[in-house]
Amino acid sequence: MDGIGREFMDKTRYAHLGLSAQQHGMPQPPLQAELAAGCSIDLPDPGKVSVGTFDLRRAIEGRRSLRSYADRAFSLDELSFLLWCTQGIRDRVPGKATFRTVPSAGARHPFETAVFVRRVDGLDAGLYQYLSMDQRLVSFDTPGDLDERMTAACLGQEIAATCALLFVWVADSQRMTWRYGERGYRYLHLDAGHVCQNLYLAAEAIEAGACAIGAFDDDAVNDLLGIDGVDRFAVYLAAVGKRPPAKSPGA
């Protein structure tokens, strides 16, 4: 029996698409959406952050989903590095496009990054938005039970309760559909994979690891971020933490 998934794939084929908003001459959406309105924290310049050298082949061969984390904090430099590797801007055409550290269909880059911080030296625990245009964080109005609610929103998964950082990528769908119409929803999910893979590889360079989370309560995560779940919605999450000490032989 055909289901919603098959219908989605069918209805987003080019044969079913009309003209996009761009083709209708509509103005493009802003390149960045500010979701949070709290305190602003400047992040270290990623170009000046030293993480040493790390062989790409070694990173690819060593990449695993890490589900157990040491009780160690990240530095603010390391957080800046991870955020830049996943959504950092390398170049821009003001008002038209950004060119980032990850590929995106038509350079639309439809994501905003929220990060739930548990353990970062010099940074209060809480929920923040990464503003890639300015390389800074802005805090959300954090509820007192954020830890419990975020873990519950991730369906009680242990990694969501023990990680030092929890990345949440929010799709600003109109940024993509403006150019590609309904097919743009396919591209959102492809782009999310590009972003998360960069997080996995970047984490390897700083003695950390990541584990992607696709199973979550959409409404609960969207509510925590204060987004409508229609034009803007959480599309992918990832837990990140420092690697635990290697076990000695015979331990």
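Helices here are DSSP runs of H or I with at least four residues, numbered from the N terminus. All the views below come from a predicted model.

**View A. Glu204, a buried residue of helix 7.** Glu204 sits in helix 7, a stretch that covers residues 184-204. Is this side chain buried or exposed? With a relative accessible area of 9%, Glu204 counts as buried, because the cut-off for that label is under 20%. Leaving aside residues up to four places away in sequence, Glu204 touches Phe54, Ala59, Gly62, Arg63, Arg64 and Arg243. Two of these, Phe54 and Ala59, turn up again in View C, where they help line the largest pocket.

**View B. Helix 3 packed against helix 7.** Two packed helices are described by the angle between their axes and the distance between the axes. For helix 3 (residues 76-87) and helix 7, that angle is about 145 degrees, and the axes are 8 Å apart. Helix 3 goes past helix 7 in a right-handed crossing. On the helix 3 side, the contact is made by Phe81, Leu82, Cys85, Thr86 and Gln87. Helix 7 answers with Val195, Asn198, Leu199, Ala202 and Ala203. Sort the residues of this contact by class and you get 7 nonpolar, 3 polar and no charged.

**View C. The largest pocket.** Here we look at a pocket with a volume of about 240 Å³. Its lining is made up of Val51, Gly52, Phe54, Leu56, Ala59, Phe81, Cys85, Asn198, Leu201, Ala202 and Ala205. Which elements give two or more residues to this lining? They are helix 2 (56-62), helix 3 and helix 7, and helix 7 supplies the largest share, 3 residues. Some names will look familiar from View B: Phe81 and Cys85 of helix 3 and Asn198 and Ala202 of helix 7 belong to the helix contact, and these four also line the pocket. By class, the pocket lining has 9 nonpolar, 2 polar and no charged residues.

**View D. The largest cavity.** How many cavities of 30 Å³ or more are there? The count comes to 1, and the largest cavity has a volume of about 30 Å³. Around the cavity are Gln87, Arg100, Phe111, Glu112, Thr113, Tyr130 and Ser132. Strand 4 (residues 111-117) gives the largest share of this lining, 3 residues. Gln87 is another familiar face, since it is part of the helix 3 side of the contact in View B. The cavity lining splits into 2 nonpolar, 3 polar and 2 charged residues, while the pocket lining of View C has no charged ones.

Terms used:
Residues are numbered from 1 along each chain as its sequence is written. This is a predicted model: local features need pLDDT of at least 70, side-chain atom pairs count only at pLDDT 80 or more; totals for chains, interfaces and linings use all residues. Side-chain values use heavy atoms; hydrogens and water are left out. Axes are lines fitted to C-alpha atoms, for helices over the stretch in contact, and angles run from 0 to 180 degrees between N-to-C directions. A crossing is left-handed if the near helix is turned anticlockwise from the far one by less than a right angle, and right-handed if clockwise. Contact means heavy atoms within 4.5 Å. Ala, Val, Leu, Ile, Met, Phe, Trp, Tyr, Cys and Pro count as nonpolar, Asp, Glu, Lys and Arg as charged, and the others, Gly among them, as polar. On a 1 Å grid over the protein atoms alone, a cavity is a set of points where a 1.4 Å probe fits but cannot get out, and a pocket is an open set with protein on both sides within 12 Å along at least five of seven lines; lining residues have an atom within 4 Å of a point. Grid points are joined across faces, edges and corners, and a volume is the space filled by probe spheres set on the points. Buried means under 20% relative accessible area, exposed over 50%, partly exposed in between (1.4 Å probe, protein chains only).
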